[in-house]
Amino acid sequence: MSPLAVGGPALFIGTDTDYVALVRPELDPDDEGVRRAAEEAGVTPEELAGPGDTWAVLFERGGDGDGFELPGVRDAEPADFARRLRDGLTAAGEPFTVDGGSVLRLEARPADAGTCAFTAHVTPPDDADRPLTVETGPLPVAALLADLDTFLGSLA
C-alpha cells in the first residue's frame, strides 16, 4: 500500500534518527492513497480518516522507533507542554524540565552557543514498567522556537 497523506499538528524534537514527537494525525479522505486504502479495507474514506482528534507520542532512537496513542488528550495539553518548552528555551540558558505527565518528560540542557540538547523520558501506557530514554544531540534553539510557534499556531 502506498503511504497516506497525513496532516495535523506535529511537534518534533530531535534528529532523523533520535527524536520524540507529539502529533495529532489527520488523514484527508480526498487523498488518493486514503481512498485506495479505504477501498481495500471495505470502509468509506471518511471512516478510515476518522475524526483526527487523537494525539500520539512517536519516538525513535538509533533508527528504531515506535509510538502510542493518547486517548482523551485535548489540544490544550500539548499546547501547554509546547508553551512551557518555549518558555524554558527563552529563559536564561539554565537546564529545565518540561513534564508532560506520566508518558513524557523532557529534560533540556544548554549545549553550545544557541543550541540545546534533550533527554526525553518516554513511558508507553501499555508498557509502564519499561520506560525508555531518547537523547538528542545539540539542536538549534532558533529553529526549535520557530517550530514551537508553528505548532502553537496550528492549535489556535
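Visitor: Why does Arg 36 count as partly exposed?

Guide: In this predicted model, the relative accessibility of Arg 36 is 36%. Buried requires under 20% and exposed over 50%; the value of Arg 36 meets neither condition, and the residue therefore counts as partly exposed.

Visitor: What makes the pairing of Glu 32 and Arg 36 a salt bridge?

Guide: The side chains of Glu 32 and Arg 36 meet at 3.2 Å, N to O. The cut-off is 4 Å between a side-chain nitrogen of Lys or Arg and a carboxyl oxygen of Asp or Glu, so the pair qualifies. Both residues belong to helix H1 (residues 32-41), where they are 4 residues apart, about one turn of the helix. Glu 32, at 48% relative accessibility, is also classed as partly exposed.

Visitor: How do you know that Arg 24 and Glu 26 fall in their respective accessibility classes?

Guide: Arg 24 has a relative accessibility of 11%. Buried means under 20%, and Arg 24 is therefore buried. For Glu 26 the value is 33%, which lies between 20% and 50%, so Glu 26 is partly exposed. The two side chains form a salt bridge with an N to O distance of 2.9 Å.

Visitor: Which residues are linked with Arg 24 in a network of salt bridges?

Guide: The network links Arg 24 with Glu 26 and Asp 75. Over the whole structure, the search finds 9 salt bridges.

Visitor: What makes the contact of Arg 130 with Asp 127 a salt bridge, and how are these two residues classed by accessibility?

Guide: Their side chains meet at 3.6 Å, N to O, and this lies within the 4 Å limit, so the pair is a salt bridge. Arg 130 has 59% relative accessibility, which is over 50%, and is therefore exposed. Asp 127, with a relative accessible area of 27%, is partly exposed.

Visitor: Why are H3 and H4 called roughly antiparallel?

Guide: The axes of helix H3 (residues 76-90) and helix H4 (residues 141-155) cross at roughly 155 degrees and come within 10 Å. Angles over 145 degrees count as roughly antiparallel, and H3 and H4 are therefore described in that way. Their crossing is left-handed.

Visitor: Which residues make the contact, and how do they divide by chemical character?

Guide: From H3 the contributors include Pro 78, Ala 82, Leu 85 and Leu 89, and from H4 they include Val 141, Leu 144, Leu 148 and Phe 151. The residues of this contact divide into 12 nonpolar, 1 polar and 3 charged. Among the contributors are also Arg 83 and Arg 86 of H3, Asp 149 of H4 and Thr 90 of H3.

Visitor: How do you know that Glu 135 is partly exposed, and what does the residue touch?

Guide: The relative accessible area of Glu 135 is 40%. This value is neither under 20% nor over 50%, and Glu 135 is therefore partly exposed. The residue lies in strand E10 (residues 132-135). Not counting residues up to four places away in sequence, Glu 135 touches Asp 18, Arg 109, Phe 118 and Thr 119. Glu 135 and His 121 are 14 residues apart in sequence and 9.0 Å apart in space, C-alpha to C-alpha.

Visitor: What describes the protein chain as a whole?

Guide: The secondary structure comprises 4 helices and 11 strands. The C-alpha trace spans about 55 × 35 × 25 Å along its principal axes. Of the 156 residues, 37% are buried.

Methods. Residues numbered from 1 in each chain as written. Predicted model: local features only at pLDDT ≥ 70, side-chain atom pairs only at ≥ 80, totals over all residues. Heavy atoms only, no water. Axes fitted to C-alpha atoms, helices over the stretch in contact; angles between N-to-C directions. Helix = DSSP H or I, 4+ residues; strand = E, 2+ residues; numbered from the N terminus. Parallel < 35°, antiparallel > 145°, perpendicular 65-115°, else oblique. Left-handed = near helix turned anticlockwise from the far one by under 90°. Contact = heavy atoms within 4.5 Å. Nonpolar A, V, L, I, M, F, W, Y, C, P; charged D, E, K, R; others polar. Buried < 20%, exposed > 50% of the residue type's maximum accessible area, 1.4 Å probe, protein only.
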